[in-house]
Amino acid sequence: RPFLLNDAAAGVVDAKFSFGVYISVSSLAPLEVWIHREMLVLLATYPYSGYGDSETDHGEDGDLLAHLTNGLVNQRLAGDAFDAAERVWTTDRLLKHFEQAGVAWSDVEDQIREAATMVFLASREPLLESRSKARTEGHLFCHWRLDFLLDADARAWLLEVEIVPSTGTIGGVDEVIKTSVLRDVLALNGVGGPPSQLEAEYPWLNGETWTDLASPAEPPNTLTPTPDAPLALFGDDAERMAAQEAWNLLEERGDALRFDAPSMETIGRYEARSRRRGGYRPLIPVPRGVEGFDGKMRAPAPRDDDLAELFLARGAIAADFALDRWVSGTRLSSAKDAEPFVSYETLDAAATA
């Protein structure tokens, strides 16, 4: 049975829902994958009971459209009564609902991350083959969405991998979510150079928050902290600066000589993207400890190391090992309050063995 959403004040009763998680692949060799914290949460129009009384509840044997959460389908079903503000929820609204229902979001997010990681580890080889056939020069990236269903036991089930997620909107919250994600995916991948400094056009550069005007009761959605130097986040200079700062940090840690020049270039590109990632969070290479969609930092877990080992065992190249070594220790964005999850001597001993 699916997990059902209820918000009587908003007219949401026993609503089946799905949530789409936006993914960007910024590089295949090495493999770099990012996951956006702003999900697209879509609610079905009709209440769901599963009893099958087609006259009253649109259950299993009733109207099959009661199972669908597609925004355009529900807009057609409801007609003039369609309320985009209540049939599309933000991440913050869903997390607040889970908290009130006693559902541990951290457990759900761990399932999402593991499923998404496995998708890209399994598809890496065919993606590389497709990339080799692309008749284009320069940087390519992917903008995907993974759609999930949550069952009554808070288990996440992967429904679909959308390699061309819709950018059309039904207005309201749907438009705000997709706009913010598209802005972030372009910034993450350095498309078009520095974005506009106008708050109305690019609010995340100013550390602003937004709340959909159609749903003023929703909590505000913080996109990202204010970058220190937004105009210096793009281009080759940004990558060289990030690589130099990474080298300085590694020298302080006594680990600089373990990285050659190509590895430092790889780290520089990764760190430059990380600084302009907006609402994206790192997924691959596998971080040890992560900032969740709820904004809370979680400590490294054995599962992180298991996924990292699987990542390195499936077609990894030298640059993958360099990036994994970098993210498993102290990255620039958390250098002041993080320590390596394990000593490099321990890693070297394990590698030698």
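Which strand do the buried residues of helix 1 pack against? The legends below start there and then move to other close-ups of this predicted model.

**View 1. Helix 1 and its buried face.** The partner is strand 4 (40-47), which takes the packing from the buried residues of helix 1. Helix 1 spans residues 71-78, and its buried residues are G71, V73 and N74. Looking down the helix axis, these buried residues fall within an arc of 160°, so they line one face of helix 1. Flip to the face turned away from that buried side and you meet the exposed residues L72 and R76. Just after helix 1 comes G79, with a positive phi of about 65°.

**View 2. R145, a buried arginine in strand 6.** R145 sits in strand 6, which covers residues 142-150. Its relative accessibility is 7%, and because the cut-off for buried is under 20%, R145 counts as buried. What does its side chain hold on to? One polar contact goes from the side chain of R145 to the side chain of D147, at 2.8 Å. Another joins the side chain of R145 to that of E162, at 2.6 Å. Leaving aside residues up to four places away in sequence, R145 touches G20, V21, Y22, L40, E160, V161, E162 and P165. So E162 turns up twice here, as a polar partner of the R145 side chain and in the list of residues that R145 touches.

**View 3. F3 against F98.** The whole structure holds nine aromatic pairs, and this close-up picks out one of them. The ring centres of F3 and F98 are 5.4 Å apart with the planes at 85°, so this pair is edge-to-face. It bridges distant parts of the chain: F3 belongs to the segment before strand 1 (4-7), F98 to helix 3 (residues 91-101), and 95 residues separate the two. Both F3 and F98 are buried. Zoom out a little and the two rings turn out to belong to one aromatic cluster, made up of F3, F17, F19, F98, W105, F148 and F293.

**View 4. W34 stacked on Y270.** Here the ring centres of W34 and Y270 lie 5.2 Å apart and the planes meet at 25°, so the pair is stacked. W34 comes from strand 3 (residues 31-36) and Y270 from helix 7 (residues 261-275), so the pair ties together parts that are 236 residues apart in sequence. W34 is buried, and Y270 is buried as well.

**View 5. Helix 4 alongside helix 8.** Helix 4 (residues 105-133) packs with helix 8 (residues 302-313) at an angle of about 10°, and their axes are 11 Å apart. Because an angle under 35 degrees counts as roughly parallel, that is the label for helix 4 and helix 8. On the helix 4 side, the residues in the meeting are D110, R113, E114, T117, M118, L121 and R124. Helix 8 answers with R303, L307, L310 and F311.

**View 6. A115, also on helix 4.** A115 has its place in helix 4. Is A115 buried or partly exposed? Its relative accessibility of 22% makes A115 partly exposed. Along the chain, A115 and L158 are 43 residues apart, and their C-alpha atoms are separated by 7.4 Å.

Notes: Residues numbered from 1 in each chain as written. Predicted model: local features only at pLDDT ≥ 70, side-chain atom pairs only at ≥ 80, totals over all residues. Heavy atoms only, no water. Helix = DSSP H or I, 4+ residues; strand = E, 2+ residues; numbered from the N terminus. Buried < 20%, exposed > 50% of the residue type's maximum accessible area, 1.4 Å probe, protein only. Polar contact = N/O pair within 3.5 Å; in protein donor to acceptor, adjacent residues only side chain to side chain. Contact = heavy atoms within 4.5 Å. Arc of directions from axis to C-beta. Phe/Tyr/Trp six-rings, centres within 6.5 Å; stacked < 30°, edge-to-face > 60°. Axes fitted to C-alpha atoms, helices over the stretch in contact; angles between N-to-C directions. Parallel < 35°, antiparallel > 145°, perpendicular 65-115°, else oblique.
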